[in-house]
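Trainee: I'm new to this one and would like a close look at a single part. Could you pick a spot, walk me through its surroundings, and then show me how some of the helices pack?

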Amino acid sequence: MSSPLPQSVATVQIIRRYAIAVLSVVFALLIAHWPVIHLESAPASLFFCAVMVSAWFGGAGPGSVATVLVSVAFYYGFLPPVDTLSPKPGQLARFVVFNLSAILVGSLSVAQRKAAESLRRTRDDLRDTVQKLIETNDSLTRSEAYLSEAQTLSHTGSFGWEVSTGEQFWSEETYRIFEYDPTLKPTVKLALERIHPEDLPLVQQVMASVSEHGSDIDVEHRLLMPDGSVKTIRVLGHTSKDRAGQPTFLGAITDISTIKNAFEEIQRLKDQLYKENLALREEIDVTRMFEEIVGSSPALQVVLSQVAKVAPTDSTVLITGETGTGKELIARAIHKRSQRSSRAFVSVNCAAIPQDLIASELFGHEKGAFTGATQRRLGRFEAADGGTIFLDEVGELPAETQVALLRVLQEREFQRVGGNESLRTNVRVVAATNRKLETAIAEGRFREDLFYRLNVFPLEVPPLRERREDIPLLVQYFVDRYATKAGKRITGIARRSLELLQSYTWPGNIRELQNVIERSVIVSDSENLSVDESWLGKRPTVADSPALRLSERLTSQEKEIIEAALAASNGRVSGPSGAAARLGIPQSTLDSKIKSLKINKHQFRKS
């Protein structure tokens, strides 16, 4: 709509319109009286043109003025008698017809002007409307493009469902999520074909609820795609009424597969971290006998050689030996040298856990499995997944737990206490015992089949009395350790005390030696450590033991025989005339004995 003109401009326009009316009549009158063109006989046509021009350009007012002027001019200038102001009753009918014609011409011209102006305004309005429609369409196109791009980026599609007719509408992203050709007409059947079979009853139940009650929904379910892959989607929607009052369900579908997988991965890593932290806390809390394997005796070197061979494999290891010999330390050495060294090492003392709880401790339990089981708990096998589990004192396991352990070793799976789900496990089992399992089998207290499953690679840790060469090294190690801990400076150990330690049989093995040294450091007031003889108990010493005296005599006799054979063969070990041939034993065996008995074979060579 145009704004109103200023008053001065409007006044000028009005004057111009009336001036045009007057000038039109004057111009028509002059032409009618112009003798050159001889139009005296057609004044009515000229006056009608003047009225028409005045009404067209000026409107009703100027047209009326022009009608009055041409009536006067026609009456006095062209009706006989001409050029007189006297009445002309005989020309009244002609005059009336002229006036009516002039009025009709003016009216038609005014109507035509209004129609033209109306058409012009309509054209302008139509042009404005078309321009607005174009702009609206462009804006709608941009909005649709933005919405489509936003749906693609957020993996969210939209859909509509006419509940009464079953007709559906899908957005482009919905087609992409379902992996259908956009040219296909969407239907309920088409959607159900993609639902995972296990989730189909749930989806059908939700659709029935929407159809019957118009319920709002917020549900997650899976899609099974043609290539076998599985997507997880979340569907949100509500029911509204269209103009006809029919229910229409409007919803959004979001592909949350990536988010779901990410959350599952986070949960898996969180569980793994929990397991490893649990194992780490337990490892820190364990008071270990010592942090390194100390010693260089032949008996210990044999064990370490076997550890080096079996560690890289995944074979089950059964470690035997007396209490306090360091079986757990050997198990840790196996783990550290294995391909599982970066994962958890979980240690379980089977003798320290009540028999009615050992199964729950090893395999975990479900909520409500027994009184006090207020929540699900992961067992040690789950905590050690991917790593190594060390079952110390395995001979103390009750019969029912032995069966479960046998299943783990055979099938690599187990069930939590109170659960029905079979869980796979990837754990290396290292077991240890200070009991004679063969005796326990004969007495019916240990399963024979479990023994053979555990005894894939047996390792026997020698007692300390068979490693007397290692006692000085162990003493020095423990002295340094506990002196540093106590803030004392100890530079040596009394010779008498060292001889006493080496002659003792050590029934408690390294653990007993560790305790004796720690106690001696605590009470020591000088830099030279001494050990109270009364702390070693009244057990027979090495020198007093008949069995050990026999062992020493046999070793001495063996050494004499080998030295005699070396002397006879001029220090040669191999060959037809070598000492090995004279003794009837393999060369490698003789070399090992020469080394263990510390015989210098070179002294028997004659120059």
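Mentor: Before we pick the spot, one bit of vocabulary: helices and strands here are DSSP runs, at least four residues for a helix and at least two for a strand, numbered from the N terminus. Keep in mind, too, that this is a predicted model.

Our spot is histidine 155, which sits in the loop between helix 4 (92-154) and strand 1 (156-162). Is histidine 155 buried or exposed? Neither quite fits: its relative accessible area is 34%, so histidine 155 counts as partly exposed. Now, what does histidine 155 touch once you set aside its neighbours within four places in sequence? The contacts are Glu173, Arg176, Ile177, Ile253, Thr254 and Asp255. For a sense of distance, take asparagine 349: from C-alpha to C-alpha it is 52 Å away from histidine 155 in space, and the two are 194 residues apart in sequence.

Let's move on to another loop, the one between helix 5 (172-178) and helix 6 (188-192), where you'll find glutamate 179. Its phi is near 60 degrees, a positive value in a residue other than glycine. Most residues other than glycine have a negative phi. Glutamate 179 has a relative accessible area of 38%, so it is partly exposed. Lysine 598, in the segment after helix 21 (587-596), also has a phi near 60 degrees, again positive in a residue that isn't glycine. With a relative accessible area of 69%, though, lysine 598 is exposed.

Now for the helix packing you asked about. Start with helix 1 (residues 7-32) and helix 3 (residues 60-77): their axes come within 9 Å and cross at roughly 25 degrees. Because of that angle, helix 1 counts as roughly parallel to helix 3. The crossing of the two is right-handed. Helix 1 brings Arg17, Tyr18, Ala21, Val22, Val25 and Leu29 to the contact, while helix 3 brings Gly61, Pro62, Val65, Ala66, Leu69, Val70 and Ala73. Sorted by class, the residues of that contact are 11 nonpolar, 1 polar and 1 charged.

Next, look at helix 9 (residues 298-310) and helix 10 (residues 327-336), whose axes come within 9 Å and cross at roughly 35 degrees. This crossing is right-handed. On helix 9 the contact uses Val303, Leu304, Val307 and Val310, and on helix 10 it uses Ile330, Ala333 and Ile334. What classes do these residues fall into? There are 7 nonpolar, no polar and no charged residues in the contact of helix 9 with helix 10.

Further along, helix 16 (residues 471-486) packs with helix 18 (residues 509-523) at an angle of about 45 degrees, with the axes 9 Å apart. That angle is why helix 16 is called oblique to helix 18. Helix 16 passes helix 18 in a right-handed crossing. Residues of helix 16 in the contact include Leu474, Phe478, Arg481 and Tyr482, and among those of helix 18 are Ile510, Gln514, Glu518 and Val521. The contact of helix 16 with helix 18 divides into 11 nonpolar, 1 polar and 2 charged residues.

Last stop, the cysteines. How many disulfides does the structure hold? The count is 0. Cysteine 49 is at 40% relative accessibility, so it counts as partly exposed, whereas cysteine 350, at 3%, counts as buried.

Key: Residues are numbered from 1 along each chain as its sequence is written. This is a predicted model: local features need pLDDT of at least 70, side-chain atom pairs count only at pLDDT 80 or more; totals for chains, interfaces and linings use all residues. Side-chain values use heavy atoms; hydrogens and water are left out. Axes are lines fitted to C-alpha atoms, for helices over the stretch in contact, and angles run from 0 to 180 degrees between N-to-C directions. Angles under 35 degrees count as roughly parallel, over 145 as roughly antiparallel, 65 to 115 as roughly perpendicular and the rest as oblique. A crossing is left-handed if the near helix is turned anticlockwise from the far one by less than a right angle, and right-handed if clockwise. Contact means heavy atoms within 4.5 Å. Ala, Val, Leu, Ile, Met, Phe, Trp, Tyr, Cys and Pro count as nonpolar, Asp, Glu, Lys and Arg as charged, and the others, Gly among them, as polar. A disulfide is a pair of cysteine sulfur atoms within 2.5 Å. Buried means under 20% relative accessible area, exposed over 50%, partly exposed in between (1.4 Å probe, protein chains only).
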